[in-house]
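Notebook open, structure loaded. I want to go through confidence, charged pairs and greasy surface, in whatever order they come up.

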Amino acid sequence: MDICPYCGKKLSEDEKIIYKCTSCGKRLEPTVLNQNRRYINEIARAVKTGGIVIIVLGTILSFIVAGGSGAKYEFSLLLFLIAECISIISGFLLIGFSEIIQLLEDIKNKLK
């Protein structure tokens, strides 16, 4: 929630866009508005990064698994799809959990 640092009035979306408080008429600096922005939870960021890493490494490993042994190279589409689906689903689950953690953090901050 952004408030004017001069008069304490809650700023509307239009006032945030034009960087001017219509109540007191003071011009607002963009840095003042950015101080009240969303706090990024470090745990949510780490879980989201883990989800992205799982998707990327899972894709690489899916190609390796589907490639077969070194002596005879036959690409197996079925093995690739199974391994890729597992990595994508688990990665997106972690990304979803990170969003839930961030939303809970936002709710906690609004209740303060």
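Before I start, the cut-offs I'm using: buried is under 20% relative accessible area, exposed is over 50%, and partly exposed is in between.

**Entry: confidence.** This is a predicted model, so I checked pLDDT before anything else. The protein averages 84, and 87% of the residues score at least 70. Where is confidence lowest, and where highest? Helix α2 (residues 30-34) is the low point, with a mean of 53, while helix α3 (residues 42-67) is the high point at 93.

**Entry: salt bridges.** I searched the whole structure and got four. I followed up some of them, as below.

**Entry: Glu99 and Lys48.** Their side chains meet in a salt bridge, 3.9 Å from N to O. I looked up where the partners sit: Glu99 is in helix α4 (residues 77-111) and Lys48 in helix α3, so the pair links distant parts of the chain, 51 residues apart. Why is Glu99 classed as partly exposed? Its relative accessible area is 36%, and that falls between the 20% and 50% cut-offs. Lys48 goes in the partly exposed class too, because its value is 35%.

**Entry: Arg45 and Glu42.** Here I found another salt bridge, at 3.8 Å, N to O. Both residues are in helix α3, and because they are three residues apart, about one helical turn separates them. On accessibility, Arg45 comes out at 42% and counts as partly exposed. Glu42 comes out at 47%, and partly exposed is the label there as well.

**Entry: Lys108 and Glu105.** I read off 3.6 Å, N to O, for this salt bridge. The two residues lie in helix α4, three residues apart, about one turn of the helix. Is Glu105 buried or exposed? Buried: its relative accessibility is 11%, and the cut-off is under 20%. Lys108, across the bridge, has 43% and is partly exposed.

**Entry: nonpolar patch.** Which residues make up the nonpolar patch on the surface? I listed Ile52, Val53, Val56, Leu57, Ile60, Leu61 and Ile64. Together they have about 630 Å² of accessible area. I picked Val56 for a closer look: it lies in helix α3, and it counts as partly exposed because its relative accessibility is 45%.

**Entry: recap.** Helix α3 keeps turning up in my notes: it has the highest mean confidence, it holds Arg45 and Glu42, it contributes Lys48 to the link with helix α4, and Val56 of the patch lies there.

Terms used
Residues are numbered from 1 along each chain as its sequence is written. This is a predicted model: local features need pLDDT of at least 70, side-chain atom pairs count only at pLDDT 80 or more; totals for chains, interfaces and linings use all residues. Side-chain values use heavy atoms; hydrogens and water are left out. pLDDT is the predictor's confidence in each residue, from 0 to 100. Helices (H or I, at least four residues) and strands (E, at least two) are DSSP runs, numbered from the N terminus. Patches are made of residues with over 30% relative accessible area and no salt bridge: like charges are joined within 9 Å, nonpolar side chains (Val, Leu, Ile, Met, Phe, Trp, Tyr) within 5 Å. Accessible areas come from the Shrake-Rupley method with a 1.4 Å probe; for residues, only the protein chains shown count as cover. Buried means under 20% relative accessible area, exposed over 50%, partly exposed in between (1.4 Å probe, protein chains only).
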